[in-house]
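Please read the following walk through a protein model with the coordinates open beside the text. It moves from a set of paired strands to individual side chains, and then to an annotated region and enclosed space.

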Amino acid sequence: MNGNKVHPSSKASAHYRNSNSSAAATTGAPIGRPAPLQSDSAAGCAGAKSVPVLPQMIGAAAAAAAALAASPSSSGLTPGAASLVGAGASAADSAAHNMELASLFECPVCFDYALPPVIQCQAGHIVCSNCRAKLTSCPSCRGPLANIRNLAMERLAAQVQFPCKYASNGCLAAFHHTAKAEHEEICEFRPYVCPCPGASCKWQGSLENVMQHLTQQHKSITTLQGEDIIFLATDINLPGAVDWVMMQNCFGYHFMLVLEKQERMDSQVMFYAIVQLIGTRKQAEQFAYRLELNGQRRRLTWEATPRSIHDGVHAAIANSDCLVFDSNIASLFAETGNLGISVTISMAAGAAVATGSLNSSSDLPQQQQQSSSICGQGMQIG
């Protein structure tokens, strides 16, 4: 997708995606969209030889793994390895014993776990696949890296529950090595990233600091109070890919409203509108939102549950799980190049939110709620 995005203050923010500027505090300042992140690869594992490994090559840790198939009396384990694996059924089931086994897989570089396929150097030292791709020699012995599969350690890994990499942030879950990475992609304890779409902002931090970051680094984003507002996206005929952004505050929470414009390869122009909560998935499930285009005796409505900023909006937009319309539909509702979208936030059925001093206007007649709607211009982000 080509084109550039902008941020106008007190409007829906538009982001010019090909710009290199990192932030915009004034109307029209371009903000670059970051390059897509590439997934980590198990570099160095391709073409690895699967060979038997002797205990003297892999040390006490691998000997402990090999001993799983042998009785304690005939395994020939070192005292340290025997104490880990041969401690008895009750100790093997304990959390402390599991952590001792997991520690055998600790990467000496990043202190995460070296999960199967486990590759060792000629001296028997292991390192995780992510770090191995960046190394030219073994970090433990400085010897040459080798493509030798440590089959004993892989066998032991199948018996271990590995803690989540975000355990230091509070996650208490542990998983079989085949399920660990999938959990960590959606773990509620992983760091939050800047939710501002289209911006090249690299900020990461806790949920409690998200709003502070937005107010300090993205000052041009307008925040409106109330459950019913009008989200005004200006200059929707701007060329290229553009995002408009606005904040809505109600029920004691902050919601981010996003309208994204995309130009497809066939030159078709599409618009995607969605709401995300500055909060967790569990908190987002307490709410519902409605987006509505209304005018010239026509109405287009979308209702859904807000996305958590932990999930972001990219997957929902890619799957069209939001309000979607093309440039022809937009022209039916736009006036002089500006498009107004009615946004209503409500409590989900059966949900209860303790807001303290905030009162809901859901008991007011619908017409009265709409008549008191506040109109704000979304900031353009490019």
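**Strand pairing and its surroundings**

In this predicted model, strand β9, which covers residues 223-225, pairs with β11 in the parallel sense over 3 bridges. Within that pairing, Leu-224 stands opposite Gln-248 of β11. Strand β11 itself is mostly covered, since 9 of its 9 residues count as buried under the cut-off of 20% relative accessible area. Its side chains alternate between two directions: Val-242, Trp-244, Met-246, Gln-248 and Cys-250 point one way, Asp-243, Val-245, Met-247 and Asn-249 point the other way, and all of them are buried. Gln-248, the residue that faces Leu-224, therefore belongs to the set that also holds Trp-244 and Cys-250.

From β11, which spans residues 242-250, the next pairing leads to β12, and here the two strands run in the antiparallel sense over 9 bridges. Two of the partners can be followed residue by residue, with Trp-244 matched to Leu-259 in β12 and Cys-250 matched to Tyr-253 in β12. The connection between β11 and β12 is a hairpin with 2 residues between the strands, and Phe-251 in the turn adopts a positive phi of about 55 degrees.

Strand β12, made up of residues 253-263, is also mostly covered, with 9 of its 11 residues buried. β12 pairs in turn with strand β13, residues 269-277, again in the antiparallel sense and over 9 bridges. In this pairing Lys-261 stands opposite Phe-271 of β13. The hairpin of β12 and β13 has 5 residues between the strands, and among its residues Ser-267 takes a positive phi near 75 degrees.

How is a residue outside these strands placed, for example Lys-180 in helix α7? Lys-180 lies in α7, which runs over residues 177-186, and its relative accessibility is 2%, so that Lys-180 counts as buried. The side chain of Lys-180 makes a polar contact with the side chain of Glu-184 at 2.6 Å. Leaving aside residues up to four places away in sequence, Lys-180 touches Asp-112, Tyr-113, Leu-115, Phe-162, Pro-163, Lys-165 and Phe-175.

Leu-172 offers a contrasting case, being placed in the loop between β5 (162-163) and β6 (174-175). With a relative accessible area of 84%, Leu-172 is exposed, because the cut-off for that class is over 50%. Leu-172 and Phe-189 are 17 residues apart in sequence, while their C-alpha atoms are 9.8 Å apart in space.

Turning to annotation, an unreviewed UniProt entry lists residues 107-142 as "domain: RING-type". Over residues 107-142 the chain of the model is 11% helix and 6% strand, and the C-alpha atoms at the two ends are 15 Å apart. Two of the residues touched by Lys-180, namely Asp-112 and Leu-115, fall within the listed range of 107-142.

Finally, the model holds enclosed space, with a count of 3 cavities of 30 Å³ or more. The largest cavity contains about 40 Å³ of space. Its lining is formed by Ile-119, Gln-120, Cys-121, His-125, Ile-126, Val-127, Arg-132, Cys-138, Pro-139, Leu-145 and Ala-146.

Technical notes. Residues are numbered from 1 along each chain as its sequence is written. This is a predicted model: local features need pLDDT of at least 70, side-chain atom pairs count only at pLDDT 80 or more; totals for chains, interfaces and linings use all residues. Side-chain values use heavy atoms; hydrogens and water are left out. Buried means under 20% relative accessible area, exposed over 50%, partly exposed in between (1.4 Å probe, protein chains only). Helices (H or I, at least four residues) and strands (E, at least two) are DSSP runs, numbered from the N terminus. Two strands pair if DSSP finds at least two bridges between them. A polar contact is a pair of N or O atoms within 3.5 Å; within protein, one must be able to donate a hydrogen and the other to accept it, and residues adjacent in sequence count only if both atoms are side-chain atoms. Contact means heavy atoms within 4.5 Å. UniProt positions are given in the numbering used here, feature names are shortened, and annotations may be inferred rather than shown by experiment. On a 1 Å grid over the protein atoms alone, a cavity is a set of points where a 1.4 Å probe fits but cannot get out, and a pocket is an open set with protein on both sides within 12 Å along at least five of seven lines; lining residues have an atom within 4 Å of a point. Grid points are joined across faces, edges and corners, and a volume is the space filled by probe spheres set on the points.
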